[in-house]
Amino acid sequence: IRSTLDPRGLLARPDELYFEDSRMLHKRFPQLAHNVIPRVRGTWPALTEAGVRRVEELIKARLVNVSSKVDAELRARIADRMSALRRVFDDEGVLDELDGLEILRTAHLEVSYRAELFGHPYEIGPEVVDAIYLPDEHQLVYAEQAPDRALAREIARAIAPDDDPGPLAMRLEPILSATSVEEAHGALDDF
């Protein structure tokens, strides 16, 4: 049943529509121009129930010629800042999700994006990125010189996939960039 407005303002079937992604990757796939709608606060839960899906379910990232290794440094920094992270998150499940995240580091990170659209495969890239969360693998992969802002953004995507990563990343970045747990708490005290 056509019951949801598409970007043109025409009624469409909800199962043919997708919510836009925070990376705006959908704009690089012109085939999706009439199938991606904004995720408006207050209405997206009902639209999800009706059948609108996240475009991230359609567009998949693929690492290109990446040789990565398990990273202990970022994992240790997160473990060291856990008390500060608890001040940001009320939900212990979120921290468990963060603890279960596989973290990999590489010297150079290139990614391509692939989507199966209307029975045809399309791929864009590769492109160099600082960090990326791969939801199907529950992995965070980052380049050695990645800024803390990029790490915070991808961690936010990992632990709160249904939310806009921006506001959460802004709370995570001062914790990650702090040189000590005391400095992390001090940064949170400034807010």
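Visitor: Why is Glu154 called buried?

Guide: This is a predicted model, and in it Glu154 has a relative accessible area of 1%. Buried means under 20%, so Glu154 counts as buried.

Visitor: What makes the contact between Glu154 and Arg153 a salt bridge?

Guide: Their closest N and O atoms are 2.8 Å apart. The cut-off is within 4 Å, between a side-chain nitrogen of Lys or Arg and a carboxyl oxygen of Asp or Glu, so this pair fits. Salt bridges that share partners also join Arg153 and Glu154 with Arg23 and Arg157 into one network.

Visitor: And Arg153, why is that one called partly exposed?

Guide: Its relative accessibility is 31%. Partly exposed lies between under 20% and over 50%, so Arg153 belongs there.

Visitor: How do you know that Arg149 is exposed?

Guide: Arg149 comes out at 56% relative accessibility. Exposed means over 50%, so the label fits Arg149. Its salt-bridge partner is Glu173, at 3.4 Å from N to O. Glu173 sits in helix 6 and Arg149 in helix 5, 24 residues apart.

Visitor: What makes Glu173 partly exposed?

Guide: Glu173 has 22% relative accessibility. Buried would need under 20%, so Glu173 counts as partly exposed.

Visitor: How do you know that Arg28 and Glu127 meet in a salt bridge?

Guide: From N to O, the pair is at 2.6 Å. That is within 4 Å, so Arg28 and Glu127 qualify. The pair links distant parts of the chain: Arg28 is in the loop between strand 3 and strand 4, while Glu127 is in strand 10.

Definitions and conventions
Residues are numbered from 1 along each chain as its sequence is written. This is a predicted model: local features need pLDDT of at least 70, side-chain atom pairs count only at pLDDT 80 or more; totals for chains, interfaces and linings use all residues. Side-chain values use heavy atoms; hydrogens and water are left out. Helices (H or I, at least four residues) and strands (E, at least two) are DSSP runs, numbered from the N terminus. Buried means under 20% relative accessible area, exposed over 50%, partly exposed in between (1.4 Å probe, protein chains only).
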